[in-house]
Protein chains: 2
Amino acid sequence: MKYIEKLRNSGLRPTKQRLQICEVLFDTQKTFHFTINELDQKIKNKTNNKISLATIYNTVHAFEKKGYLKQIPINSNQTYFDTNITDHHHFYDLKYGKLIDLENSDVGPINIKRKIDGKKIKSIEVLVKLED
Amino acid sequence: MKYIEKLRNSGLRPTKQRLQICEVLFDTQKTFHFTINELDQKIKNKTNNKISLATIYNTVHAFEKKGYLKQIPINSNQTYFDTNITDHHHFYDLKYGKLIDLENSDVGPINIKRKIDGKKIKSIEVLVKLED
DNA sequence: CACCAATTTAGAACCATTATAAAGTAGAGT
DNA sequence: ACTCTACTTTATAATGGTTCTAAATTGGTG
């Protein structure tokens, strides 16, 4: 299994649950956005096998910490994650609450002119809200 | 009172509670960021007068809808608001969970090249995460 | 002043997320 | 393989921010 190495290398034991979650998250051509509940549904659909919600939360947070997932900064009652971990941005369709990827080249270079002493920039994220 | 007109003009009745909230939010030189609980505290401190949490939520949302406040898109368990409604962006200090204003001129013009049919851009918000 | 719609309020309800503690499991060492 | 220990999973409870509810209050018009 291709994910066993990946998990071991990050110091995460390759458990059955984590491998199943990897398959749902990373066995696709396209990257995608999801909430925990959507992921829970996907897992049930794909594997006919319920994984405890607590495990899904734990795993998603572990993957995020390891850099396999990104949280999307957005105001919503639910947290959105992204399997696309490349440098990119988002449209947010306010009417439908839907996210759309914006490639870095769709936004153009962003040059932050101000510096904060002792801090360095970890990420620059652009959220473009859309209305009708 | 200078806020009575402002409220009336927006179709909001100038109630005692709304006027007190206006004073806490807008009677300052500097703009600031806040959560609902922080605002609740500020109100208690400034006016020795508790306003029901439900009213604070209602009022903040009403003010946001009228454009007197902005929500800051950020991943947190609490919603952050900003009394600075000009076009601007934010640093987010991950270590201390603190927001710092970034003027538009600190970021430079952002030109979104991609269009979504039938949608128009309502806002463009940049979040720059800082680490040590 | 009287009335009606808007507003406030306390408290309950909601719901995403986190904590808990017991049962199960992976993997190193024997 | 077996054992042991630390890590992981799990169901469930707890937490906490936010929204809902329904009754009381209030602003403003006539």
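By class, the surface near DNA strand D has 6 nonpolar, 9 polar and 4 charged residues, in a model that is predicted. The residues near DNA strand C, for their part, divide into 7 nonpolar, 10 polar and 4 charged. Beyond these two DNA surfaces, the points below take up the contact between chain A and chain B, which buries about 3500 Å², and the contact between the two domains of chain A, where the buried area is about 810 Å².

**DNA strand D**

- Around DNA strand D there are 19 residues, and the closest of them are A:T15, A:Q17, A:R18, B:Y57 and B:T79; of the atoms of this strand that come within 4 Å of the protein, sugar and phosphate account for 76%.
- Both protein chains have helices that each supply at least two residues of the surface near DNA strand D, namely helix 2 (16–26) and helix 4 of chain A together with helix 3 (36–47) and helix 4 of chain B.
- Helix 4 of chain B gives the most to the surface near DNA strand D, its contribution being 3 residues.
- Two backbone approaches from chain A end on phosphate oxygens of DNA strand D: a backbone N or O atom of A:R13 lies at 3.5 Å, and a polar backbone atom of A:S52 lies at 3.2 Å.
- The side chain of A:Q17, a residue listed among the closest to DNA strand D, places a polar atom 2.6 Å from a sugar or linking oxygen of that strand.

**DNA strand C**

- DNA strand C is surrounded by 21 residues, of which A:Y57, A:T79, B:T15, B:Q17 and B:R18 are the closest, and 77% of the strand's atoms that come within 4 Å of the protein belong to sugar and phosphate.
- The surface near DNA strand C draws at least two residues from each of four helices, which are helix 3 (36–47) and helix 4 (53–66) of chain A together with helix 2 (16–26) and helix 4 (53–66) of chain B.
- From the side chain of B:R18, an N or O atom lies 2.7 Å from a phosphate oxygen of DNA strand C, and B:R18 is also one of the residues listed as closest to this strand.
- Backbone N or O atoms of chain B also approach phosphate oxygens of DNA strand C, with B:R13 at 3.3 Å and B:S52 at 3.2 Å.

**Contact between chain A and chain B**

- Each chain brings 39 residues to the contact between chain A and chain B, and carbon and sulfur atoms give 52% of the buried area of about 3500 Å².
- On the chain A side, A:N75, A:R114 and A:K119 lose the most area to chain B, and together they make up 18% of what that side buries.
- Across the interface of chain A and chain B there are 6 salt bridges, including one in which the side chains of A:D93 and B:K119 meet with an N to O distance of 3.1 Å.
- Polar contacts across the interface of chain A and chain B amount to 20 residue pairs, counted where both residues are at pLDDT 80 or more.
- Several elements of chain A each supply at least two residues of the side that touches chain B, namely strand 2, strand 4 (88–93), strand 5 (98–103), helix 5 (104–107) and strand 6 (120–131), and the largest share, 12 residues, comes from strand 6.
- The residues on the side of chain A that touches chain B divide into 18 nonpolar, 8 polar and 13 charged.

**Domains of chain A**

- Chain A is divided into domain 1 (2–80) and domain 2 (86–130), and the C-alpha centres of these two domains lie 23 Å apart.
- The contact between them takes 8 residues from domain 1 and 10 residues from domain 2, while carbon and sulfur atoms give 55% of the area of about 810 Å² that is buried there.
- A:H33, A:K70 and A:I74 supply 54% of the area that domain 1 buries against domain 2 in chain A, more than any other three residues.
- Between domain 1 and domain 2 of chain A the count is 0 salt bridges and 3 residue pairs in polar contact, with both residues of each pair at pLDDT 80 or more.
- Strand 2 (residues 70–72) gives the most to the side of domain 1 that touches domain 2 in chain A, with 3 residues, and the residues of that side divide into 4 nonpolar, 3 polar and 1 charged.

Methods:
Residues numbered from 1 in each chain as written. Chains lettered and ligands numbered in written order. Predicted model: local features only at pLDDT ≥ 70, side-chain atom pairs only at ≥ 80, totals over all residues. Heavy atoms only, no water. Domains from an automatic or database assignment. Contact = heavy atoms within 4.5 Å. Buried area = accessible area lost by both parts, 1.4 Å probe. Salt bridge = Lys/Arg side-chain N within 4 Å of Asp/Glu carboxyl O. Polar contact = N/O pair within 3.5 Å; in protein donor to acceptor, adjacent residues only side chain to side chain. Nonpolar A, V, L, I, M, F, W, Y, C, P; charged D, E, K, R; others polar. Near = heavy atom within 4 Å.
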